Amino acid sequence: MPELSVVVPIKDEQDNIHPLISEIQQSLHGLISYEIVYVDDGSHDQSLAILDRLQQAGTVPLRILRNPQSCGQSTAVHLGVSNARGRLIATLDGDGQNDPADIPAMLELAKAYHDKQDFLIAGYRKNRHDSRWKLFQSRIANKIRAALLGDNTPDTGCGLKLFPRHTFLKLPYFDHMHRFLPALVQRSGGEVKISEVNHRARMTGVSKYGMLNRAWVGLVDIFGVMWLQRRNRMNAQCTEYRHDQTGA
């Protein structure tokens, strides 16, 4: 069984598949046993056909999952992690903007935790290569999220993350949950570490996110995560109260 599963959700990324898989192999060769799990989220281009040919060639430890219609990135990530075989999970955006060469440093940070511990290594794109408009949206969204959730994470939108599979599967699942993994892991008692990562300009294809599905929809989810945090604190307080009453 592989120790690491690299989960890559994609939609219409046919020109980015070969370069990204090649980089993943170069970064992990001889370092750790791994598999690459691509989740095709209802692509309309040749993405699935390219993945099928790569899998049939047998030169890549590749597994393919597919949503027949687009269900969103969180659903694709959840499908990939649920079916992954590795104890550790690394997630990457399929557009090639995340650099797989940053995974080894994250794996080094993960050595500080034992097998049953809950944690998340979150990538931080300190020097981003995006348009000014996209950067502006992200800054506003990050400030709002940080102020309301207090997750102390500068860049939750970075697709490059590393965590144990068991940690992810105990988190509440909802659409857009991938944007709130630091707050959700902290809520479950896990620790979050930040790892500065490289960020590259998109070479081909187009972004699947705009202002509406990046910021405004996210506000609704933030309030949902706040409710989960508050509910968790109330449960903890009630547990302490019961212990006091019983003298346990």
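The following dialogue introduces a predicted model of a protein chain.

Trainee: How many helices and strands does the secondary structure of the protein chain come to?

Mentor: The chain has 248 residues, of which 47% count as buried. Among contacts with a separation of 6 or more, 81% link residues 24 or more positions apart. The secondary structure comprises eight helices and seven strands.

Trainee: Over which residues does pLDDT stay under 50?

Mentor: For the protein chain, the mean pLDDT is 85, and 75% of the residues reach 70 or more. Where pLDDT is low, the predicted coordinates should not be read in detail. One stretch has zero contacts beyond four places in sequence, and its pLDDT stays under 50: residues 234-241.

Trainee: Are helix 1 and helix 2 parallel, perpendicular or oblique to each other?

Mentor: Two packed helices are described by the angle between their axes and the distance between the axes. Helix 1 spans residues 17-28 and helix 2 spans residues 47-57; their axes come within 11 Å and cross at roughly 40°. Angles under 35 degrees count as roughly parallel and 65 to 115 as roughly perpendicular. The crossing angle of helix 1 and helix 2 therefore makes the pair oblique.

Trainee: Which residues of helix 1 and helix 2 make the contact, and how many of them are nonpolar, polar and charged?

Mentor: Helix 1 contributes I17, H18 and I21, while helix 2 contributes S47, I50, L51 and L54. By class, the residues of this contact are five nonpolar, two polar and no charged.

Trainee: Is S47 buried or exposed?

Mentor: S47 lies in helix 2. Leaving aside residues up to four places away in sequence, S47 touches I10, D12, E13, Q14, I17 and D40. Because its relative accessible area is 0% and the cut-off is under 20%, S47 is classed as buried.

Trainee: Where is D118 placed, and is D118 buried or exposed?

Mentor: D118 sits in the loop between helix 4 (103-110) and strand 5 (119-124). The relative accessible area of D118 is 11%. Since buried means under 20%, this loop residue is buried.

Trainee: With which side chains does the side chain of D118 make polar contacts?

Mentor: Not counting residues up to four places away in sequence, D118 touches H166, T167, K170, S188, G190 and E191. One polar contact, at 3.2 Å, joins the side chain of D118 to that of H166. Another, at 2.8 Å, joins D118 to the side chain of K170. The side chains asked for are thus H166 and K170.

Definitions and conventions. Residues are numbered from 1 along each chain as its sequence is written. This is a predicted model: local features need pLDDT of at least 70, side-chain atom pairs count only at pLDDT 80 or more; totals for chains, interfaces and linings use all residues. Side-chain values use heavy atoms; hydrogens and water are left out. pLDDT is the predictor's confidence in each residue, from 0 to 100. Contact means heavy atoms within 4.5 Å. Helices (H or I, at least four residues) and strands (E, at least two) are DSSP runs, numbered from the N terminus. Buried means under 20% relative accessible area, exposed over 50%, partly exposed in between (1.4 Å probe, protein chains only). A polar contact is a pair of N or O atoms within 3.5 Å; within protein, one must be able to donate a hydrogen and the other to accept it, and residues adjacent in sequence count only if both atoms are side-chain atoms. Axes are lines fitted to C-alpha atoms, for helices over the stretch in contact, and angles run from 0 to 180 degrees between N-to-C directions. Angles under 35 degrees count as roughly parallel, over 145 as roughly antiparallel, 65 to 115 as roughly perpendicular and the rest as oblique. Ala, Val, Leu, Ile, Met, Phe, Trp, Tyr, Cys and Pro count as nonpolar, Asp, Glu, Lys and Arg as charged, and the others, Gly among them, as polar.
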